[in-house]
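Trainee: Could we go through this one together? I'd like to see how each label is earned.
Mentor: Happy to. Have a look first, then ask away.

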Amino acid sequence: MTLAPSAATPTRPAPGRVGSLHRRRVTGLVLCVLAVAVAVVCSLAFGSRVVGWSDVVAGVLHPDTDDIAQAAVQSRVPRTVLGLLVGAALGLAGAVMQGLTRNPLADPGLLGVSSGASLFVVLGIAWFGMSQLTQYIWVAFLGAALASLLVYAIGSMGREGATPLKLALAGAATSAALVSMVSMVLLTRTDVLDTFRFWQVGSLGRASFAEIGQVVPFLVVGAVLAVGCARGMDAIALGDEVATGLGQRLGLVRAVGATSTVLLCGAAVAIAGPIGFVGLVMPHLARRYTGPSHRWLLPYSAALGAALLLVADVVGRVVARPQEIEVGIVTALLGAPVFIAIIRRQKVRDL
Amino acid sequence: MTTVLDRPSSPGGAPEEAPGALVAAGRRTRTRRRRAVLTALAVLLLAVVVVTLCVGERTYSPLVVLRVLLGEQVPGASFTIGTLRTPRMLTGLLVGIGFGMGGVVFQTMLRNPLASPDIIGISAGSSAAAVVAITTFGLSGAALSGVAVVAGVAVAGAIYALSWRRGVQGARLILVGIAVGAMLDSVISYAMTRAGVYDANEALRWLTGSLNSAFWPVVGPLALATAVLVPALLVLSRHLAALQLGDDTAAALGVRPDRARLSLLLVAVALVAVATAAAGPIAFVAFLSGPIAHRLIRGTGSLLVPAALVGALLVLVGDFAGQHLLGSRFPVGVVTGVLGAPYLLWLLARTNRSGGSL
């Protein structure tokens, strides 16, 4: 019945081992950045059209070209940038959610954020005749924010405040309710169903730089807020009483953290659609190297999230040539087995 | 329907008269309450069944319904009631029983109200297989149901195997189930984006759960499977009560935990998969029946029968509302989803106030 906190095993290393832990963390971070760089190159180089390396370099360096291979490379630039941003945002958001709720299952999908955005987009299309991505962005953002607030409000009712189990329950219930309402609208409007089912699966392929520019401010603010409550989340990992005893203002930390996840997830869902498992898996993977310290965990999660999303996007483009498999499908298929492997390694007590 | 759970609190060997009498009195009160709740649920279910058969585009009197059910030919009514409403009602009834029982077995065994088959990927296995079968292979009818059942059982087996590590722990099973469910959901999404609009609409309707294709051919296999699986589950519920006390206690009571869990899981999964194959994964029924039954019964004894009654009620009332009360026609799964969710939120709010758990 209890979901024991995963980050709540603060194995403080013996003084002599602090140096080696620090070295390992730095090395790991360098590796993460390298992974991101490799993923970026792959994302530019591989796709439906096979291009040479010289075309990749030329396509990135010379924006106006007539060569079709270089044009193909150029068309991959915005989606690569988007992949970086969305992946990092989802990784960060997942880490913050897991830290705040002490819930290893916390994920934009599970806590109802994605389905909130979905419902509002469907309503926007069905009732207000929206058809532009620029319109969806704002509606989806609003939906994500409202759903998060609702879940957090319900989950934190009662004496003990927001316990992991209650949050998860509230998220699942809200999510199911929102999905049912989405179905209710879709079943009466076949035209909306046709538009929506393509949006419903997360994809990086539809973005332009103008649209990316619209979400960047939200992502930046969200990231800053996330980093700002890293120390507070370290304390929360020790339990609410201990955190209060250490002088943390729990309500403030939770509020700031929740705002950052709303901004990060809302913006990510708005521009790329619901993409699962990046936020769920990457913090687990990162924690194996960083330990429970959120000041390290957050940058790791962001970098790994970006790398995973780009690789997943490349896989989706390459596997089904000349068609594409949406990145949201690929992340679920790649992410779920990793997640299962992590679960199998952990002791039940830590789940 | 006495259970192992009651035994520790039984008055046997109590040295003084008063505590023993108190316990016995409490037990009598609980038994009375249980009996009253079960009777009320059964009466309510009967009433809903009668209303379902009588009311529709054309409303017939219960007398006409009875005449049709007894085999008499009544012009008009024989077709409407005999061919359309009765199989639909029976399917709803059986599917509700299946979801209610299957759901409560999962929730009780895994000791987590979140862990109903629709959350941990069991129903998703049947759904994914069905959607792929519809959109890719154009299957329908009995073949489609067969695929859904086999896939549901196979997915449950895979989840069980993946969470096996020197025995199966509930928490790990839930997590693996959620992961597998997410994978299957992405398969469903992929199939839907590749399908034509008509197919996608069908698939979506099937996905949310619906009794629209519930005619006599569906009822036969469903009734047969339910008739085998429900008694099996009732027999196995002894083990369920023992497992609730924890693996060690269960072993001390002579139950082999892993074997008992596996057999319970198998039967419950089969029940849920059969129901899903007949009517789709009707949202929230498996999830809600257990908690509602628990609220009504107030926590003593097996929840299997009350949950089955609640499940059947949910499906029948939801289907009736979706057909006749909401303006345009909605499949039952949409109604139970939309109606069920606020109830769960309310339940959660209540639970939070009282500080207990579901």
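Trainee: Where in chain B does Ser302(B) lie?
Mentor: In the loop between α11 (285-297) and α12 (304-325) of chain B. Keep in mind that this is a predicted model.

Trainee: What makes Ser302(B) buried or exposed?
Mentor: Count the other C-beta atoms within 10 Å: Ser302(B) has 23. The label "buried" asks for 20 or more, so Ser302(B) is buried. As for its place in the fold, the C-alpha atoms of Ser302(B) and Val105(B) are 9.9 Å apart, although 197 residues separate them along the chain.

Trainee: And Arg249(A), where is that found?
Mentor: Arg249(A) also sits in a loop, between α10 (240-245) and α11 (250-272) of chain A.

Trainee: Why does Arg249(A) count as buried or exposed?
Mentor: Arg249(A) has 12 C-beta neighbours inside 10 Å. The cut-off for "exposed" is 12 or fewer, so Arg249(A) counts as exposed. Its C-alpha atom is 53 Å from that of Ala58(A), 191 residues away along the chain.

Trainee: What does chain A contain in helices and strands?
Mentor: Chain A has 14 helices and zero strands. Of its 351 residues, 56% count as buried. Take the contacts between residues at least 6 apart in sequence: 76% of them join residues at least 24 apart.

Trainee: How do you know that the span of helix α12 of chain A agrees with its number of residues?
Mentor: Helix α12 covers residues 278-290, which is 13 residues. The expected span is 1.5 Å times one less than that number, so α12 should span 18 Å, and its end C-alpha atoms are indeed 18 Å apart.

Trainee: What makes α12(A) "mostly covered"?
Mentor: Eleven of its 13 residues are buried. Among them are Val278(A), Leu280(A), Met282(A), His284(A), Arg287(A) and Thr290(A). Just after the helix comes Gly291(A), with a positive phi near 75 degrees.

Trainee: Which residues touch the most other members of the largest nonpolar core?
Mentor: Ala89(A), Leu92(A), Ala140(A) and Ala267(A), in a core of 218 residues.

Trainee: What is Ala89(A) in contact with, leaving aside neighbours within four places in sequence?
Mentor: Leu219(A), Gly222(A), Leu264(A), Ala267(A) and Ala268(A). A contact here requires C-beta atoms within 7 Å. Notice that Ala267(A) turns up twice: as a contact of Ala89(A), and beside Ala89(A) among the core members that touch the most others.

Technical notes: Residues are numbered from 1 along each chain as its sequence is written. Chains are lettered from A and ligands numbered from 1 in the order in which they are written. This is a predicted model: local features need pLDDT of at least 70, side-chain atom pairs count only at pLDDT 80 or more; totals for chains, interfaces and linings use all residues. Helices (H or I, at least four residues) and strands (E, at least two) are DSSP runs, numbered from the N terminus. A nonpolar core is a set of buried Ala, Val, Leu, Ile, Met, Phe, Trp, Tyr and Cys residues joined through C-beta atoms within 7 Å. Two residues are in contact if their C-beta atoms, placed from the backbone, lie within 7 Å.
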